[in-house]
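Here are my notes after a pass through this model, as numbered points. Keep the viewer open while you read.

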Amino acid sequence: MSPGDETASAQSGVPDSEATDDERWLVVNGRRWRRTDPSLPEDVVAALKSHLGRGRSGVRTAKKDADDDAVAAARKRVGLAKHGLGERGPYWWDDTPADRLARAREALAALDALDEPPTSRTSS
């Protein structure tokens with residue numbers, strides 16, 4: 001599929017059903033893993049992968065420290081990033097590129113919100 005085809009698909013609202021199995025799945029040691037949605041812009045993918053790496057690192061650290069709450073929080077970050085990348089959740093090729101981009105941006109916003117300091121209330 002050429003870049004022009006992708007744009008036409010996004011404008012028409014047609015799902016990317018022409019993706020081949022090679023574009024959809026990565027096979028490692030006989031196990032199939034869903035690939036990242038190829039229609040996502042590079043900056044969005046980079047930001048989501050940054051969160052994914054931080055989440056995986058957080059899981060490792062929290063497990064080493066036996067901190068169940070921190071493991072859960074880190075796994076939440078991993079899950080949000082994987083959903084944003086299209087590697088979990090609904091199959092990305094069943095949705096329109098516009099819907100897939102919206103899902104990725106929503107995941108990224110939720111991930112960025114995890115980094116925001118909690119708002120403190122001042123008492124009068």
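**Notes on the fold and packing**

1. Out of 124 residues in the protein chain, 31% count as buried. Bear in mind that this is a predicted model. The chain has 5 helices and 2 strands, and reading from the N terminus the order is α-α-β-β-α-α-α. As for contacts with a separation of 6 or more, 65% of them join residues 24 or more positions apart.

2. Start with the helix pair H4 (residues 68-85) and H5 (residues 97-115). Their axes come within 8 Å and cross at roughly 155°. An angle over 145° counts as roughly antiparallel, so H4 is roughly antiparallel to H5. The crossing of H4 past H5 is left-handed. On the H4 side the contact uses Lys 76, Arg 77, Leu 80, Ala 81, His 83 and Gly 84. H5 answers with Arg 103, Ala 104, Ala 107, Ala 110, Leu 111, Leu 114 and Asp 115. Sorted by character, the residues of this H4 and H5 contact come out as 7 nonpolar, 2 polar and 4 charged.

3. Now swap H4 for H3. H3 and H5 have axes 10 Å apart and pack at an angle of about 45°, which makes H3 oblique to H5. Here too H3 passes H5 in a left-handed crossing. From H3 you get Val 44, Ala 47, Leu 48, His 51 and Arg 54; they meet Ala 104, Arg 105, Ala 107, Leu 108, Leu 111, Asp 112 and Asp 115 of H5. The split for the H3 and H5 contact is 7 nonpolar, 1 polar and 4 charged.

4. Which residues touch the most other members of the largest nonpolar core? They are Leu 48, Leu 52, Leu 85 and Ala 104, in a core of 14 residues. H3, H4 and H5 each put in at least two residues, and H3 gives the largest share, with 5. As background, nonpolar side chains tend to be buried together in soluble globular proteins.

5. Leu 85 deserves a click of its own. Setting aside residues up to four places away in sequence, Leu 85 touches Thr 36, Asp 37, Leu 40, Val 45, Leu 48, Lys 49 and Leu 52. Among these partners, Leu 48 and Leu 52 are also on the list of core members that touch the most others.

6. Is His 51 buried or exposed? His 51 lies in helix H3 and counts as buried because its relative accessibility is 3%. Leaving out neighbours within four places in sequence, His 51 is in contact with Arg 77, Ala 81, Leu 108, Leu 111, Asp 112 and Asp 115. One of those partners, Leu 108, is 57 residues away in sequence, yet the C-alpha atoms of the two are 8.5 Å apart.

7. Gly 55 is another residue of helix H3. Its relative accessible area is 1%, so Gly 55 is buried. Beyond neighbours within four places in sequence, Gly 55 is in contact with Ala 74, Arg 77 and Val 78. The C-alpha atoms of Gly 55 and Val 71 are separated by 9.2 Å, with their positions 16 residues apart along the chain.

8. Two backbone angles to check. Most residues other than glycine have a negative phi. Asn 29, however, has phi near 50°, a positive value in a residue other than glycine. Asn 29 is in the loop between strand E1 (25-28) and strand E2 (31-34), and at 81% relative accessibility it counts as exposed. Ala 66, also not a glycine, has a positive phi of about 55°. The loop between helix H3 (42-64) and H4 holds Ala 66, and at 64% relative accessibility Ala 66 counts as exposed.

9. Last, a look at Asp 22, in helix H2 (residues 21-24). Asp 22 is exposed, since its relative accessible area is 63%. How far apart are the C-alpha atoms of Asp 22 and Arg 35? They are separated by 9.0 Å, and the two residues are 13 residues apart along the chain.

How values were computed. Residues are numbered from 1 along each chain as its sequence is written. This is a predicted model: local features need pLDDT of at least 70, side-chain atom pairs count only at pLDDT 80 or more; totals for chains, interfaces and linings use all residues. Side-chain values use heavy atoms; hydrogens and water are left out. Axes are lines fitted to C-alpha atoms, for helices over the stretch in contact, and angles run from 0 to 180 degrees between N-to-C directions. Helices (H or I, at least four residues) and strands (E, at least two) are DSSP runs, numbered from the N terminus. Angles under 35 degrees count as roughly parallel, over 145 as roughly antiparallel, 65 to 115 as roughly perpendicular and the rest as oblique. A crossing is left-handed if the near helix is turned anticlockwise from the far one by less than a right angle, and right-handed if clockwise. Contact means heavy atoms within 4.5 Å. Ala, Val, Leu, Ile, Met, Phe, Trp, Tyr, Cys and Pro count as nonpolar, Asp, Glu, Lys and Arg as charged, and the others, Gly among them, as polar. Buried means under 20% relative accessible area, exposed over 50%, partly exposed in between (1.4 Å probe, protein chains only). A nonpolar core is a set of buried Ala, Val, Leu, Ile, Met, Phe, Trp, Tyr and Cys residues joined through side-chain atoms within 4.5 Å.
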